[in-house]
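Student: Please go through this entry with me, and give the cut-offs as we go.

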2 protein chains.
Amino acid sequence: MPVNLTAPDPAQLHPVPGVRIGVTEAGVRKAKRKDLTVFLLDEGSAVGGVFTQNRFCAAPVQVCREHLAAGFGVRALVINTGNANAGTGEDGLVRARSTCIALARLLEVAPEQILPFSTGVIMETLPNDRIAAGLPAALDDASDAHWGRAAEGIMTTDTVPKAFSRQVTLGGATVTITGISKGAGMIRPNMATMLGFLATDARIAPALLQPLARTLAEGSFNRVTIDGDTSTNDSFVVIATGKTGPAIDSLDSADGQALLAAMQTVARDLAQAIVRDGEGATKFITVQVEGGRDATECRQTAYAVAHSPLVKTAFFASDPNLGRILAAVGYAGIADLDQTRIELHLDDVHVVTRGGRHPDYREEDGQRVMKKSEIVVRIGLGRGEASDTVWTCDLSHDYVSINADYRS
Amino acid sequence: MPVNLTAPDPAQLHPVPGVRIGVTEAGVRKAKRKDLTVFLLDEGSAVGGVFTQNRFCAAPVQVCREHLAAGFGVRALVINTGNANAGTGEDGLVRARSTCIALARLLEVAPEQILPFSTGVIMETLPNDRIAAGLPAALDDASDAHWGRAAEGIMTTDTVPKAFSRQVTLGGATVTITGISKGAGMIRPNMATMLGFLATDARIAPALLQPLARTLAEGSFNRVTIDGDTSTNDSFVVIATGKTGPAIDSLDSADGQALLAAMQTVARDLAQAIVRDGEGATKFITVQVEGGRDATECRQTAYAVAHSPLVKTAFFASDPNLGRILAAVGYAGIADLDQTRIELHLDDVHVVTRGGRHPDYREEDGQRVMKKSEIVVRIGLGRGEASDTVWTCDLSHDYVSINADYRS
């Protein structure tokens, strides 16, 4: 059961002019599953993408990087589930490229104008023949109303599809931003998440797309973690079709700022949705670290807390065994941390002051907060003005069950 | 059920001349538990210790460091379970010191000659009055035959006591090395483990004890992990009573080398015993990384694999979902790692070559190894001659159950 997250109402997902989506069942790994999704982008669309920093990045990630670098303009994305095409060596690259070639032929564009994405089991051979065979049906299905279907089409261990949509008025025109994402394990994105796609019809200068993708990922996907495992396939793609509104040549302009804020909101909703639907998650936890010398040490501390299996199991049990949070803060890697300056709040409850239990703290207050489904852990380092935030979930029996069974 | 580890036979634990041990029930947290242990060391004993690098180190760890630095010589150790006296601020320090003062009075030595140790729940007030009240009974119990009782006396979530003993002949004399340790969660020692104590009657020059403790910890406790959580209370103490054998003025001499090897074996056995009895552990896994540029990057990679919840749950399930190992290697932090040079063996099975599935690898071979209770994961980085090894266990339902219930 995801934490305070339900499947999106397809009627609430605004189409993005210039983007059509087709979904089909290609039988990549199992029959009768929507496992192949194609995004078709009108000519003139601008695309930026950020990808996993995992050195064992998947073949499709390598091909995406090459194709974006080629600069021919992107006309389609092709996404399969059921197989990650990672840890597949040279053969995996050949198969990822062959999928692009097959789609390029159907669309009469260059293979470099296709971006391929895969998600699923690592180290198995991609059945690219089945994917190629499924492409015509995916193209037949293409419609600008299929964002909800696409959110379903990219799911693996996710329990609900994830899609968010917003509109913002720029220069009198209504500009749309719609995006989808998927999780739900091997989630500790480093540049991007497993898969996230965000599109807008705004007229953003093409040169801005790459920095925009990076900025959006930093404030969203790069701030969530489920299990600390950075995937081989993380990919986050931002599309601007340029159909609507004023030209955005700078993100610092008033229109640029308004658009960025709206896109950031959708990106954060998508990233948080992955945590809310994290494998086995029963709680959504915000870890906020303040008073650091710089944002990096705040983030590092927040991740240490967010990754600690002991902290995560305590949240699962609603047990205010909060010393575990202090232990994680202590081993987060700040060499000259002074434990006598640490403060800890759990929502509104002041738990720790000057590194020791707050004299007014009572176990029942901690207990009351621990029972909630959304909890804010606020840690003060007492050594500066910087802060940062990470979102995570608890570690439950279901996480173990799901990952002990994933392939069966 | 610990993995291939049974309780030690007390008859096999050789007394160490110069060391007597007393254990009692002080009711620190619960009644009718051996929770207070005192080590009494003859005058002239030399002691070295290494302690957690967690910046939130417990009050007793801070006091141990002070007392060792004072250089008056150590005459006793006092160890309580049930309460970690960590995250307790200034008050915790006062209580740790008061325990030393109480024992010092009974023994007619200086408080600085006592080293205090605590393990248990973090952020609760140490009931030092109960500990002080229990000290006379612990002293009455003192005997050189009580190593087995001591191993029981320091247990928390451990399911079996951990103690090992060896003898080595130096200059015609039989020298004994006996040690105990405890786990079993919050285990990713950084300098030392939760608690480990190793004593010998060898005549080691006092100045050698501190470097010796560091060397022994490096090859043993600093190479194991259960959940990646570095404790606030890790302490590893090495005692040499100087009662027997030739004077050891250098660890590079023939006698020094023989002694070091024997001590290293006991330290490694103690450290591995903690993993074998790791919370919920069903498998003992050796992660061996070779072909690195230096030992540091090998160790870093081994820890990434050993900490990955996805790798650990796959071992629990005996599921050869080995791509998860590649993913962990990829995010271990070697920025210029070349995935096309990675090799992976599981015991004798060659799984990955040049970053992709080995052509001869068959799932049933991987499955066969995954079902074993002891597994060696061997990773080749293909970029140098260095290597390092880490020992860990799997992540099971029981880990979640134990840590969701720990305080109840």
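Tutor: Two strands pair if DSSP finds at least two bridges between them. Strands (E, at least two residues) and helices (H or I, at least four) are DSSP runs, numbered from the N terminus. The model is predicted, so local features need pLDDT of at least 70 and side-chain atom pairs 80 or more, while totals for chains, interfaces and linings use all residues. Residues count from 1 along each chain as written, chains are lettered from A and ligands numbered from 1 in written order, and side-chain values use heavy atoms, without hydrogens or water.

Student: In which sense do β6(A) and β7 of chain A pair?

Tutor: β7 covers residues 173-182 of chain A, and nine bridges join this strand to β6(A). One bridge links Phe164(A) with Gly179(A) of β7(A). The sense of the pairing is antiparallel.

Student: Which strands stand at the edges of the sheet?

Tutor: The sheet is open and mixed, with five strands of chain A in the order β3-β9-β8-β7-β6. Each edge strand has a single partner, so one side of each lacks a neighbour in the sheet. These strands of chain A are β3 (46-51) and β6 (162-170).

Student: At about what angle to β6(A) does α6(A) run?

Tutor: Angles run from 0 to 180 degrees between N-to-C directions of lines fitted to C-alpha atoms, for helices over the stretch in contact (heavy atoms within 4.5 Å). α6(A) lies across β6, β7, β8 and β9 of chain A. The angle to β6(A) is about 170°.

Student: Is Glu279(A) buried or exposed?

Tutor: Glu279(A) sits in the loop between α6 (254-276) and β10 (284-292) of chain A. Beyond four places in sequence, its contacts include Thr157(A), Tyr399(A) and Asn403(A). Its relative accessible area is 5%, and under 20% counts as buried, over 50% as exposed, with partly exposed in between (1.4 Å probe, protein chains only). Glu279(A) is therefore buried.

Student: What feature does UniProt place at Glu279(A)?

Tutor: The UniProt entry is unreviewed, and its set also has Thr156(A), Lys182(A), Thr193(A), Asn403(A) and Ser408(A). Such annotations may be inferred rather than shown by experiment. The feature at Glu279(A) is "binding site".

Student: What relation do chains A and B have?

Tutor: Superposing chain B on chain A, by least squares on C-alpha atoms of residues with pLDDT of at least 70 in both, takes a rotation of 180° with 0.0 Å of shift along the axis (RMSD 0.0 Å). That is the relation of a two-fold axis.
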